[in-house]
Amino acid sequence: MTAGSITADVRFDEPDFYLGDPHPTFARLRREDPVHWYAGGPFWVITKFEDIRFISKHPELFSSANIAILGDIVKIRDGLPRPPRDSVLFLDPPEHLEHRRVISRELTPAHVNAIEGTVRDIVSDALDQVPDAPFDAITTLAEPIPVNVFSGLLGVPQDDWQRVVRWSTAISNSGGGGETPETMAAMYAEVVPYLEALLEERHANPGNDYLSIIASATVDEKPLTPTQVVWWAISLLAAGSETTQSLIAGMLYAMSQAPEQTRRILTDADTLAAPTVEETLRWWTPVASMARQATTDVRLRGATIRAGDAVLLAYVSGNRDEEEWGDDADEWSVDRAPTGHLAFGFAEHFCLGAHLARREGTMLIREMARRWTGIELVSPPIRRRSALMTTFDRLELRFTR
Ligand code: HEM
């Protein structure tokens, strides 16, 4: 059987494919058809670690201007309206770097160190809510921790944090085909004026939160346009919480499936918290893919990607590539301590929030280690219906002492 026939029924743009187990299909593609043309997309599915790095490293050959995520390809194909492209995700060099600088200096390791106490308090407060009984780890831990950390940094008033959860879930669901255009239009009709008002207020009375920084930012000595300001804020809202929600969900799930490793992690968290987070990022891959559009014809492993073609960078596959990670790439192992995985992307658009997300993950492990020694899965978890985000809607666990 050829890779073509095994993938004939696979819809790489549909949540259902990701809800099942996509890994055997990706493994087959990596072996037999690593640069795979998916006519139903239409787009190329790039499954090898090195090829994803190559494409990410060459924005002059593969642009983000029009296509940065799977949802962009689908919307163009289906003639659906798209939000403005005015965000850092959709910029190419040379403009891109200047726009990244608006926020990148706020997210360095030194800045993350400076807010460590706040992160610890938020994690500890969330852990205080864990009962001595089964509980849903999504609503108790995975959702509130990143939203509370991030809404504070962003400068959203605390009364509105629940709305932030709802918006950021909808934005990331829409990127993965999980929301209708009507729902999204209604959501943007709510979120855009909300942010406009907040940004205006911060412009007049700046604090040291991200909204204030964006509201007063200049690029090449010119202020950002009002649309750019709002879309910077929306991008941060979308990027900052759902992704880390997924990391926490994936990590707790992986730990519940590996009691022996979990016992070790929770008895030696100082050493093992960081490798646990890194291995989860590799194995779980919160953001399953990003996308690009070829600017010119490019030959890759014998295939010709034509100018204008879309490519899907399947991080979820590259992070299990046996050639990079070995024959046990499908195993979650805290001893692997992987470096250079693709969970945060690579090169030009590498995630600006990586240090912060890592810190939230390691802090969670360290604080858990002060209270518990084990994690049990209580019922089968419910996966989020998304082709973009790897996560759960419900994850029922019990922590044991
Ligand atoms: C585990 C958590 C996270 C994961 C897995 C993640 C993943 C990613 C990925 C895959 C990209 C795109 C990379 C590319 O196209 O090459 C990205 C970009 C980005 N992320 Fe994250 N992210 C996480 C957390 C965060 C947080 C907490 C923030 C905000 C503080 C953030 C802000 C951004 C921004 C602004 C970009 C756009 C960068 C650019 O286009 O230059 N992310 N992230």
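**Figure 1. Strand S14 and its partners.** In this predicted model, aspartate 136 has glutamate 396 of strand S14 as its bridge partner. Strand S4, residues 135–136, and S14 are joined by two bridges and run antiparallel. Strand S11, residues 374–377, also runs antiparallel to S14, and four bridges join the two. Here you can look for isoleucine 375, whose bridge partner in S14 is phenylalanine 399. Now follow the side chains along S14, which covers residues 396–400. Which of them are buried? Leu397 and Phe399 are, and they point to one face of the strand. Glu396, Arg398 and Thr400 point to the other face and are not buried.

**Figure 2. The residues around the ligand.** How many residues surround the ligand in this view? There are 26, and the closest are Thr243, Gly345, His349, Cys351 and Gly353. Two elements give two or more residues each to this shell: helix H14, residues 226–256, and helix H19, residues 354–369. H14 provides the largest share, with seven residues. Sorted by character, the shell holds 17 nonpolar residues, eight polar ones and one charged one.

**Figure 3. Methionine 251 in helix H14.** This close-up stays with helix H14, where methionine 251 has its place. Is methionine 251 buried or exposed? Count the other C-beta atoms within 10 Å of its own: there are 25, and a residue with 20 or more is called buried, so methionine 251 is buried. Setting aside neighbours within four places in sequence, methionine 251 is in contact with Thr276, Val277, Thr280 and Gly361. You can also find leucine 356 from here: methionine 251 and leucine 356 are 105 residues apart in sequence, and their C-alpha atoms are 16 Å apart in space.

**Figure 4. The largest nonpolar core.** The largest nonpolar core of the model has 111 residues. Which members touch the most other members? They are Ile46, Ala233, Leu252, Ala291, Val311, Leu312 and Leu313. H14 gives the largest share of this core, 18 residues. Take leucine 252 as an example: not counting residues up to four places away in sequence, leucine 252 touches Ala137, Ile375, Leu395 and Leu397. Two of these names may be familiar from the first figure, where Ile375 was paired with Phe399 and Leu397 was buried in S14.

**Figure 5. A five-strand sheet with helices packed on it.** What is the order of the strands in this open sheet? The order is S1-S2-S10-S7-S3, and the pairing is mixed. S1 and strand S3, residues 62–63, are the edge strands, as each pairs on one side only. S1 and S2 run antiparallel and are joined by four bridges. A pair to look for here is tryptophan 37 with its bridge partner in S2, tryptophan 44. Helix H4, residues 49–57, packs on the sheet and touches S1, S2, S3, strand S7 (290–294) and strand S10 (310–313). The direction of H4 makes about 125 degrees with that of S10. Helix H5 lies across S2, S7 and S10, and runs at about 55 degrees to S7.

**Figure 6. Two cis peptide bonds, each leading into a proline.** Glycine 41 and proline 42 are joined by a cis peptide bond, with omega at about -15 degrees. Proline 42 sits in the loop between strand S1 (35–38) and strand S2 (43–46). Where is the proline that follows proline 93 in a cis bond? That proline is proline 94, and the omega of the bond is near 5 degrees. Proline 94 is found in the loop between helix H5 (70–78) and helix H6 (95–104).

**Figure 7. Two residues with positive phi.** Aspartate 220 has a phi near 50 degrees, which is a positive value in a residue other than glycine. Aspartate 220 lies in the loop between strand S5 (218–219) and strand S6 (222–223). Just 7 other C-beta atoms lie within 10 Å of its own, and 12 or fewer makes a residue exposed, so aspartate 220 is exposed. Alanine 337 also has a positive phi, near 40 degrees, and is likewise a residue other than glycine. You will find alanine 337 in the loop between helix H18 (322–325) and H19. Alanine 337 has 13 C-beta neighbours inside 10 Å, so alanine 337 counts as partly exposed.

Note on methods:
Residues numbered from 1 in each chain as written. Predicted model: local features only at pLDDT ≥ 70, side-chain atom pairs only at ≥ 80, totals over all residues. Near = placed C-beta within 6 Å. Nonpolar A, V, L, I, M, F, W, Y, C, P; charged D, E, K, R; others polar. Pairing = 2+ DSSP bridges. Contact = placed C-beta atoms within 7 Å. Axes fitted to C-alpha atoms, helices over the stretch in contact; angles between N-to-C directions. Core = buried A, V, L, I, M, F, W, Y, C linked by C-beta atoms within 7 Å.
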